Amino acid sequence: MTTFALTFENPHFVAMTQSTHNKSLKGFFRLLITGVFLLTAFSSSASEESSEKFDAGKMIVEHITDAHDWHLWGEGHSSVSVPLPVIIYNSERGLSVFMSSRFHHEEMSYDGYKLEEGKVVAVHEMGEMEASLTTVNEEATAHSYDLSITKNVASLLFSIALLLWIFLSVASAYRRNEGQAPKGLQSFVEPLIVFVRDEIAKPSIGPKYMKYMPYLLTVFFFIWINNLLGLIPIIPGGANVTGNIAVTMTLALITFIITTVSANKNYWQHIFAMPGVPAGVLVLLTPIEILGVFLRPFVLMIRLFANITAGHIIALSFFSLIFIFGEMSTGLGLGVSVFSVAFVIFMSLLELLVAFLQAFVFTLLSAIYFGSAIEEHHHEGHESSHSH
Amino acid sequence: MELIQPSIGLVFWMTVSFLILLFILKKFAWKPILQMLSDREHSIAEALNTAKKAREEMASLKADNERLLQEARLERDRMLKEARDTKDAIIAEAKEKAQAEGNKIMAQTREAIQTEKNAAVTELKNLVATMSVQIAEKILRAELSNDQKQKDLVQSMLKDIKMN
């Protein structure tokens, strides 16, 4: 299923990279409107802005990357978005905290910073002024650390609040009706917890699985909930959290750290000097094994990122088709919209499966890595030597 | 490009918030939930085991009962048979005894009757003799009530004696 999703969605992944820089910004609102049946409303807006070409690549990239505000609808300076806090630390200027609405959609600078193509950059001119009149301070930008609550961070925090609410209330339900059959949310979550425990942790890790259960459960539900939130097109969903390389990198890194920290002698021995392998082969094998240690978390990171991002891209691509055809003729756009919406519904159903599957795969592979790290030495070699 | 460049801010927030989430869930959710789950699984397994044991016990009890019942039934039949035999024996014996007793009584009775009869016959003979004597006496008295008659008698008797 994983490889299928990857190969199926790869062409769109490539298509997305061919984005050209066009001033025209077609918004999420149009996507939404199309998705929510208001096709006529869209067709009138398309004819109004027919002078500006629709750029599918740019639109898609904007929706799958991070942003300093949560875009709701509209285009350019008339767009409506939820402003989010900008937090910038600069080694010389210190900490700056302000709302992203100060930037007025990339049109103004504030406190020595301005927004350039979605990124906060430092400028020479302090105070508020027209962004176009400022000049970028490359040196200060290099020393600035952007810790803003971006769209992804906000979505991340929302998902964490959601996870806390779900599982703390489930935990209290367990305390309330101790020893009884689960009820409500509890009975929805329980099979999944048991699934992670019995199908992932126990067979992959072995008898010491209990130590790794909290991480495996957290990572499973974190990825799954965020994948699902990503499929919801309106706030607070729609952000591409698990399709962001920073998020998947952090998760893969934590798996890597846990694996490395809990690794026993047997694990390292298998990497640096595989038992029962001649020295000549070891010269070849050991570098591969060492590379493998780092390759595993890297693959974890890429797999989740690519799968979820590809899912977002494919849905956005189908919607883009409507606007591309709509620019040729309104009727054609309306005609294509029927197929696009049908395909998006189909893909969304597939993505529901992928959302669960990717959470499962990430958790399963993490568990397998933990299992290989704490696996005890098999005495096969000794036994065979005794028998002779 | 931006898509595959992890931004420091997101890595920072992700690390911080994920670790906090992990910590809180570990302490307040996973630990109690997993504990309760395994507790409940144990209690269910135990309950099932107990039920199984109880069922087995019931089955063995039932078999025992069946066996006891069977034994009791056999015992009853045996006792009934014995009682019937005893009864028959008693009745036969009683019959025999009664027969013997009856015979004995009959014999005695017959004997008694015989004795009584003999006695009666003897008495009757005596009585008849006495009465005959008395009658004879009375007749004699009546015959010999006057002197003429006495003379006649003596005459007649004398006649008889003469003949001899």
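A search of the whole predicted model finds 22 aromatic pairs over all chains. One of them joins Phe98(A) and Phe103(A). The centres of these two rings lie 5.4 Å apart. Their planes meet at 80 degrees, so the pair is edge-to-face; planes over 60 degrees apart fall in that class. Both partners are shielded: Phe98(A) is buried, and Phe103(A) is buried too.

A second pair is formed by Phe195(A) and Phe356(A). Here the ring centres are 5.9 Å apart. The planes stand at 40 degrees, so this pair counts as tilted. An angle of that kind is neither under 30 degrees, as for stacked rings, nor over 60, as for edge-to-face rings. The pair links distant parts of the chain. Phe195(A) belongs to helix α7 of chain A, while Phe356(A) belongs to helix α12, which spans residues 330-374 of chain A. The two residues are 161 residues apart. Phe195(A) has a relative accessibility of 23% and therefore counts as partly exposed. Phe356(A), at 24%, is also partly exposed. The limits for this class are 20% and 50%.

Phe195(A) and Phe356(A) also take part in one aromatic cluster. Other members from chain A are Phe167(A), Phe188(A), Phe220(A), Phe221(A), Trp224(A) and Phe360(A). Chain B contributes Trp30(B) to this cluster. Elsewhere, a ring is paired with a charge. The charged end of Arg93(A) sits over the ring of Tyr113(A), 5.2 Å from the ring centre.

Helix packing comes next. Two packed helices are described by the angle between their axes and the distance between the axes. Helix α6 (residues 151-176) of chain A packs against helix α7 (residues 185-205) of chain A at an angle of about 100 degrees. Their axes are 10 Å apart. The angle makes α6(A) roughly perpendicular to α7(A), a label that covers 65 to 115 degrees. On the α6(A) side, the contact involves Ile166(A), Phe167(A), Ser169(A), Val170(A), Ala173(A) and Tyr174(A). These meet Leu185(A), Gln186(A), Val189(A) and Glu190(A) in α7(A). Seven of the contact residues are nonpolar, two are polar and one is charged. Phe167(A) appears both in this contact and in the aromatic cluster.

The wider setting is chain A as a whole. Chain A holds 13 helices and nine strands. Of its 388 residues, 49% are buried. Contacts between residues at least 6 apart in sequence were also examined in chain A. Among these, 66% join residues at least 24 apart.

Notes. Residues numbered from 1 in each chain as written. Chains lettered and ligands numbered in written order. Predicted model: local features only at pLDDT ≥ 70, side-chain atom pairs only at ≥ 80, totals over all residues. Heavy atoms only, no water. Axes fitted to C-alpha atoms, helices over the stretch in contact; angles between N-to-C directions. Helix = DSSP H or I, 4+ residues; strand = E, 2+ residues; numbered from the N terminus. Parallel < 35°, antiparallel > 145°, perpendicular 65-115°, else oblique. Contact = heavy atoms within 4.5 Å. Nonpolar A, V, L, I, M, F, W, Y, C, P; charged D, E, K, R; others polar. Phe/Tyr/Trp six-rings, centres within 6.5 Å; stacked < 30°, edge-to-face > 60°. Buried < 20%, exposed > 50% of the residue type's maximum accessible area, 1.4 Å probe, protein only. Lys NZ or Arg CZ within 6 Å of the ring centre and 35° of its normal.
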